[in-house]
Amino acid sequence: GIDINRDFLTCLEEDESLEAIHYSNQALEYQNYRQLEIRATIFDHIYFDHFELNNGSFLDVMLDSCDLSNAHLNNSLLRRVVFKDCKLVGVDFNECSFDQVRFENCLMTMASFAQFATKGLLFESCDLGNASFLEASLKKVSFQTCKLIQAEFLHASLMNVDLSNSEIDGITLTLDDLKGAIVRPSQALSLSRLLGLQIKDE
C-alpha cells in the first residue's frame, strides 16, 4: 500500500526510496535534486520553492494542487504523470520526455517546453499564455479548451494539431509552423492577419 504523508526531505536525507508515498501539505525549500527518481507517488498541496530536478524521473506520479512555479525540470522523464489544479508559472520543461502525461486545469503562463519529445501529452483547460514551444515536436500533443494567448510556436510544426477549441490570439509562429493545423474560421482570419496578410472585404 501507499505510505501516507511522510516528510519528503526526511526521506531524502535518509536515502529512502521515493516510491509509493503520499506527501501532503508540505513546503519544500530550494534544493537541487539532480537525477532523482520518484515512482508511484502522490503530491497533494505541496509548495516546491525553486525546485530543481534536472535529468530526473517522475514515473506513475500524481500532483494535485501543487505549486511548482519557476521549477527547473529540464532533461527529465515524465511517464504516466498527472498534474491537476497546479500552479506551474514559468516552469522549465525544456528537453523533457513526456509519455502519457496530462495537465488538467493548470496555470502554466510563461512555461517553457522547448525541444521536448513526447509519446502522448494532453493539456486540458490550462492557461498557457506566453508559454514557449520553441522547436518542439507536437505530433502527439493535444490542446483541449486551453488559453494559448501569445504563446510561441516558432519552428514547432502544428501539423494535425487541433487548436479549434482553444484561445490562440497573438501566438507567435511562421507560415511553415502553421501548415496543417486545425482551426476555426474565425481563428483562420486572425491568424492570416498575424502572418501579415491584408484581408479585403467583399
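## Strands, rings and a nonpolar core

Arg80 is part of strand E5, a strand in what is a predicted model. A good place to start with Arg80 is its backbone: the residue is not a glycine, yet its phi is positive, at about 55°. Most residues other than glycine have a negative phi. With a relative accessibility of 39%, Arg80 counts as partly exposed. A positive phi turns up at Asn160 as well, where the value is near 65° in a residue other than glycine. Asn160 is not in a strand but in the loop between E8 and helix H2 (175-178). The relative accessible area of Asn160 is 61%, so Asn160 is exposed.

Now for the sheet as a whole. Eight strands make up an open sheet, in the order E1-E2-E3-E4-E5-E6-E7-E8, and their pairing is parallel. Strand E1 (3-4) and E8 sit at the edges, each pairing on one side only. Strands of a sheet pair through backbone hydrogen bonds, and they can do so in a parallel or an antiparallel way. Going along the sheet, E3 and E4 run parallel and are joined by seven bridges. One residue pair on that seam is Glu37 with its bridge partner Ser57 in E4. E5 and E6 also pair in the parallel sense, over seven bridges, and here Lys84 stands opposite Glu104 in E6. On to the next seam: E6 and strand E7 (residues 117-124) are parallel too, again with seven bridges between them. Phe98 has Thr118 as its bridge partner in E7.

Thr41 gives a close-up of strand E3 (residues 37-48), where this residue is found. Thr41 has 2% relative accessibility, so it counts as buried. What does Thr41 touch, leaving aside its neighbours within four places in sequence? Its contacts are Leu18, Glu19, Ala20, Ile21 and Tyr23, along with Asp60, Val61 and Met62. Of these, Ile21 falls within strand E2 (21-28), while Asp60, Val61 and Met62 fall within strand E4 (57-64).

Next comes the nonpolar side of the story. The largest nonpolar core has 61 residues, and Phe103 and Phe133 touch the most other members. Several elements supply at least two residues each to this core: helix H1 (8-13), strand E2 (21-28), E3, strand E4 (57-64), E5, E6, E7 and strand E8 (141-144). The top contributor is E3, which gives four residues. Phe103 has a long list of contacts beyond its neighbours within four places in sequence, including Phe83, Phe93, Phe98 and Phe113. Leu88, Met108, Leu121 and Leu122 are among the contacts of Phe103 as well, and so are Phe123, Glu124 and Cys126.

With that many phenylalanines around, aromatic pairs deserve a look of their own. The structure holds 23 of them. One is the stacked pair of Phe83 and Phe103, with 4.6 Å from centre to centre and 15° between the planes. Why does this pair tie together parts that are 20 residues apart in sequence? Phe83 lies in strand E5 (residues 77-84) and Phe103 in strand E6 (residues 97-104), so the pair links those two parts. Both of these residues, Phe83 and Phe103, are buried. A second pair, Phe93 with Phe98, is tilted: the centres are 5.8 Å apart and the planes make an angle of 55°. Is Phe93 buried or exposed? With a relative accessible area of 0%, Phe93 is buried. Phe98 counts as buried too, at 1% relative accessibility. Phe83, Phe93, Phe98 and Phe103 are among the members of one aromatic cluster. Also in that cluster are Phe113, Phe116, Phe123, Phe133, Phe143 and Phe153.

Finally, the cysteines. How many disulfides does the structure hold? The count is zero. For Cys86, the nearest cysteine sulfur is that of Cys106, 4.8 Å away, and Cys86 is in no disulfide. A disulfide needs its two sulfur atoms within 2.5 Å. Cys86 is buried, with a relative accessible area of 3%. As for Cys96, the closest cysteine sulfur is again in Cys106, but at 15 Å it is too far for a bond. Cys96 is buried as well, at 1% relative accessibility.

Key
Residues numbered from 1 in each chain as written. Predicted model: local features only at pLDDT ≥ 70, side-chain atom pairs only at ≥ 80, totals over all residues. Heavy atoms only, no water. Phe/Tyr/Trp six-rings, centres within 6.5 Å; stacked < 30°, edge-to-face > 60°. Buried < 20%, exposed > 50% of the residue type's maximum accessible area, 1.4 Å probe, protein only. Pairing = 2+ DSSP bridges. Contact = heavy atoms within 4.5 Å. Core = buried A, V, L, I, M, F, W, Y, C linked by side-chain atoms within 4.5 Å.
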